[in-house]
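Q: I would like to learn how to read the pockets and the cysteines of a model. Could we go through them one by one?

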Amino acid sequence: MRKLSLEAFKLLMETDPIPHVIINGCKNPETTIPFLLETTLVVSEEEWKDELVPSDGCGVFVTDSDGECPIDHLEHERTITWFDTRTPLSEEKFVISSIDCDDALMAEVKKTKIVVDIRRQDEVEHFGSPDFSIKKPLHELLHDITHDVGVANILGVGPENDPEKPLVVFCRTNRRAKFCAQLLHDAQVKDVEFVTKGAVGLSEKKELHMHAYNSYEVGEDFPEFLN
């Protein structure tokens with residue numbers, strides 16, 4: 001199973017792109033979990049349960065020792081990924097690049113790149129999404145990458161979804177999309193970028209029939225359309 005890179009774990013901790021709980025599986029009591037915020041919920045393996053995170057969230061099992069796949073013993077239906085505190089920085093520095101909304105809608109981009117909407121299904125259904133985009137919620141994509149599901153299977157079968165094509169990802173703004181770009185890079189996607197301003201920016205294009213909206217959590221009432 002694929003673990004989070006140090007860069008991805010840092011983004012997860014510092015930008016909170018997806019609801020998460022840290023499951024502390026470290027054996028050494030002196031081990032420090034890097035980038036941990038005071039507001040981050042940390043539980044033991046025995047305390048973990050799905051109800052600690054919403055349906056679009058994840059558990060992050062943190063370990064400091066070798067052994068079998070560290071999350072196999074955890075009962076869960078939520079996405080669980082993992083991170084090893086001994087993980088070094090990647091030798092190759094990856095700079096997360098972006099593409100603006102106008103460029104993302106160019107006919108050439110639609111032909112040569114795959115556009116992926118990583119928002120939740122409720123966001124897509126209520127606020128709209130470009131017809132030409134693949135819909136893949138971030139928590140599902142994180143699950144697939146953790147379990148080494150190939151990019152071709154993540155995107156779906158078809159010549160238009162050639163996994164060798166560059167990827168363009170977007171969310172409501174760009175917080176989730178930046179984290180997603182790092183995940184995909186770590187999964188050996190050679191060319192990935194995110195849409196600046198995300199769905200909020202794309203909603204300014206009337207032909208897409210999309211609406212901008214404020215952030216909200218699973219189970220909360222839908223916010224009003226902003227345009």
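Q: Which element supplies the largest share of the lining of the largest pocket?
A: Bear in mind that this is a predicted model. Here α1 makes the largest contribution to that lining, with 5 residues, and both α1 (6–15) and α7 (175–186) supply at least two residues each. The largest pocket has a volume of about 530 Å³ and is lined by 24 residues, among which Glu 7, Ser 90, Gln 182, His 185 and Asp 186 lie nearest its centre.

Q: How many nonpolar, polar and charged residues are in the lining of the largest pocket?
A: Sorted by class, that lining holds 8 nonpolar, 7 polar and 9 charged residues.

Q: What is the volume of the second largest pocket, and which residues are closest to its centre?
A: The second largest pocket has a volume of about 300 Å³, and of the 19 residues lining this pocket, Pro 17, Arg 120, Arg 175, Arg 176 and Ser 215 are the closest to its centre. Its lining takes at least two residues from α5 (138–146) and at least two from α7, and divides into 7 nonpolar, 3 polar and 9 charged residues.

Q: How many disulfides are found in the whole structure, and why is Cys 58 not bonded to Cys 180?
A: A disulfide is a covalent bond between the sulfur atoms of two cysteines. The search of the whole structure finds 0 disulfides; the closest cysteine sulfur to that of Cys 58 belongs to Cys 180 and is 13 Å away, which is too far for a bond. Cys 101 is likewise in no disulfide, with the nearest cysteine sulfur, that of Cys 171, 11 Å away.

Q: Is Cys 58 buried or exposed, and what is the relative accessible area of Cys 101?
A: Cys 58 counts as buried because its relative accessibility is 0%, and Cys 101, with a relative accessible area of 8%, is buried too.

Note on methods:
Residues are numbered from 1 along each chain as its sequence is written. This is a predicted model: local features need pLDDT of at least 70, side-chain atom pairs count only at pLDDT 80 or more; totals for chains, interfaces and linings use all residues. Side-chain values use heavy atoms; hydrogens and water are left out. On a 1 Å grid over the protein atoms alone, a cavity is a set of points where a 1.4 Å probe fits but cannot get out, and a pocket is an open set with protein on both sides within 12 Å along at least five of seven lines; lining residues have an atom within 4 Å of a point. Grid points are joined across faces, edges and corners, and a volume is the space filled by probe spheres set on the points. Helices (H or I, at least four residues) and strands (E, at least two) are DSSP runs, numbered from the N terminus. Ala, Val, Leu, Ile, Met, Phe, Trp, Tyr, Cys and Pro count as nonpolar, Asp, Glu, Lys and Arg as charged, and the others, Gly among them, as polar. A disulfide is a pair of cysteine sulfur atoms within 2.5 Å. Buried means under 20% relative accessible area, exposed over 50%, partly exposed in between (1.4 Å probe, protein chains only).
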